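Reader: I'm new to this structure and would love a close look at one part of it. Could you walk me through the sheet and then the place where the ligand sits?

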Amino acid sequence: MAKEKIQAIRGMCDMLPAEAAYWEMFESSAKALAKEYGYMQIRTPILEQTRLFKRGIGEVTDIVEKEMYSFVDSLNGDELTLRPENTASVVRACIEHNLLYDAPRRLWYTGPMFRHERPQRGRYRQFHQFGMEALGFKGPDVDVEQLLLLRRLWKKLGIGDVKLELNCLGQIEDRKQHREELIKYFENHRNLLDEEAQRRLYLNPLRILDTKNPDMQELVEKAPKLIDYLSDSSRNFLEQLEEKLQAQSVDYVINPRLVRGLDYYNLTVYEWTTDKLGAQSTICGGGRYDPLIEMLGGRATPACGFAMGIERVIELMKECGVKLPYKECDVYVIWDETSHNQAVAFAERLRDLGISTIVHAGSAKMANQMKRADASGANYAAIICGNEVSQHIVSIKPLRESLADYGDQVSQPEELAVGYLQAQLSEIRAK
Ligand code: HAM
């Protein structure tokens, strides 16, 4: 009897080879940009102490209350959580390794995050983020630096139609008065509050504004806006930020409803949104989190950063018509019974030059080899067969219609064939 097939966990996706080109393009573009802006990579563990996220993100938030993969390690009783985001972990690492003692830091990271949300298009339980954190900068110059970097990334990836929504959450003191007004407002509409909102009313009323309950949207829409309670210095910060964005011609809209779902933010918050992805329309979110480092036991240090959902960005690239063909190699080498060793040696010469090459493996039937060559997505087949073998002649066959010389097969001595492929491929790459 056939064994039962084991499936992936709901909401946790496999990245299949057909998608690889998109992930590679995203990663190489994002990493190159990070370098251009002077950001260094940091990698932190996927598993952290649960209390890091409770304290960092906030106990009364959707992520901590409803979405964390938390468990007790049965071997030693540690309370652990699969990271739902990476800002808290990066700050923990900076404090633990004293990275901020002498200089500010510009850092980037990428990797899987875990949230137990209801899976749908663009929303997964394991998803991937690319993010950046600038620690030790008061802003707003560095806030703008990150927004410029993001604008550049969208352009590099071929993404259009993204909107930057911006808000200012002020400082903790500004929020006290807003909190009181918010409580009063919701108390006056208690009958419209769902159970969760009732519970959050005195614990963390700002987080009522994150509600996804459609019946409460109108109520939330009319709630007092934080932006109306900003102190002069917070208002001044926002003005400076706007002035700097305008100086670089960055388009944005102020969205006074934007509060983000995590407790660590102050002053700047923003989201890049699109209407091309349905309900999960935010591709990137971030802002300033000056209180976090102290909250996690470090010396008060201003900081700001962002993270984007890579799955959503890739989906948007496709929606915007970015086409990246499936390609296993540049050259697929075909041989016959007499020429396998020659084919392998030829492939090694190409690889010496950095040309990605597959030598056909398995059945040596010509039709089968040609079919595989075509399916591999290679630009060229290099055919070493028949009478030409003894003379070390290689036939180069272009496989893609897009190649200018499509259909023209050329036969050349091995030495020249190597140079010919190198020249053709570097021309294709340059296009
Ligand atoms: P976040 O808004 O929770 O912020 O997540 C950032 C991005 O991750 C979202 O805009 C979205 O694109 C993606 N994302 C979130 N949840 C999911 C999911 N379940 N499935 C797919 N994609 C998802 C943060 O995580 C902050 N740490 C950002 C930050 C960095 N703020 C300052 N520094």
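Author: Happily! Let's begin with one pair of residues: Glu165 stands opposite Val253, which belongs to β8. This is a predicted model, so please read every position here as computed. The strand β7, residues 163–168, pairs with β8 in the parallel sense, over two bridges. Strands of a sheet pair through backbone hydrogen bonds, in either a parallel or an antiparallel way.

Now step back to the whole sheet. Eight strands form an open sheet with mixed pairing, in the order β1-β5-β6-β11-β10-β9-β7-β8. At its edges stand β1 (40–41) and β8 (253–254); each has a single partner strand, so one side of each is left without a neighbour in the sheet.

From the sheet we can move to the ligand, which sits in the largest pocket. Three strands, β6 (126–135), β10 (282–288) and β11 (303–309), each supply at least two residues of the shell around the ligand. Of the elements contributing to that shell, β10 gives the most, with five residues.

In total, 26 residues surround the ligand, and the closest are Glu85, Glu117, Glu133, Arg260 and Tyr265. By type, the shell divides into eleven nonpolar, eight polar and seven charged residues.

Some contacts are worth finding on your screen. A polar side-chain atom of Glu117 lies 2.7 Å from a ligand nitrogen atom. A polar backbone atom of Ile283 is 3.1 Å from an oxygen atom of the ligand, and a backbone N or O atom of Phe306 lies 3.3 Å from a nitrogen atom of the ligand. Taken alone, the ligand exposes 660 Å², and the protein buries 96% of that.

How values were computed: Residues are numbered from 1 along each chain as its sequence is written. This is a predicted model: local features need pLDDT of at least 70, side-chain atom pairs count only at pLDDT 80 or more; totals for chains, interfaces and linings use all residues. Side-chain values use heavy atoms; hydrogens and water are left out. A residue is near a molecule or strand if one of its heavy atoms lies within 4 Å of it. A polar contact is a pair of N or O atoms within 3.5 Å; within protein, one must be able to donate a hydrogen and the other to accept it, and residues adjacent in sequence count only if both atoms are side-chain atoms. Accessible areas come from the Shrake-Rupley method with a 1.4 Å probe; for residues, only the protein chains shown count as cover. On a 1 Å grid over the protein atoms alone, a cavity is a set of points where a 1.4 Å probe fits but cannot get out, and a pocket is an open set with protein on both sides within 12 Å along at least five of seven lines; lining residues have an atom within 4 Å of a point. A molecule sits in a cavity or pocket if more than half of its atoms lie within 2 Å of its grid points. Helices (H or I, at least four residues) and strands (E, at least two) are DSSP runs, numbered from the N terminus. Ala, Val, Leu, Ile, Met, Phe, Trp, Tyr, Cys and Pro count as nonpolar, Asp, Glu, Lys and Arg as charged, and the others, Gly among them, as polar. Two strands pair if DSSP finds at least two bridges between them.
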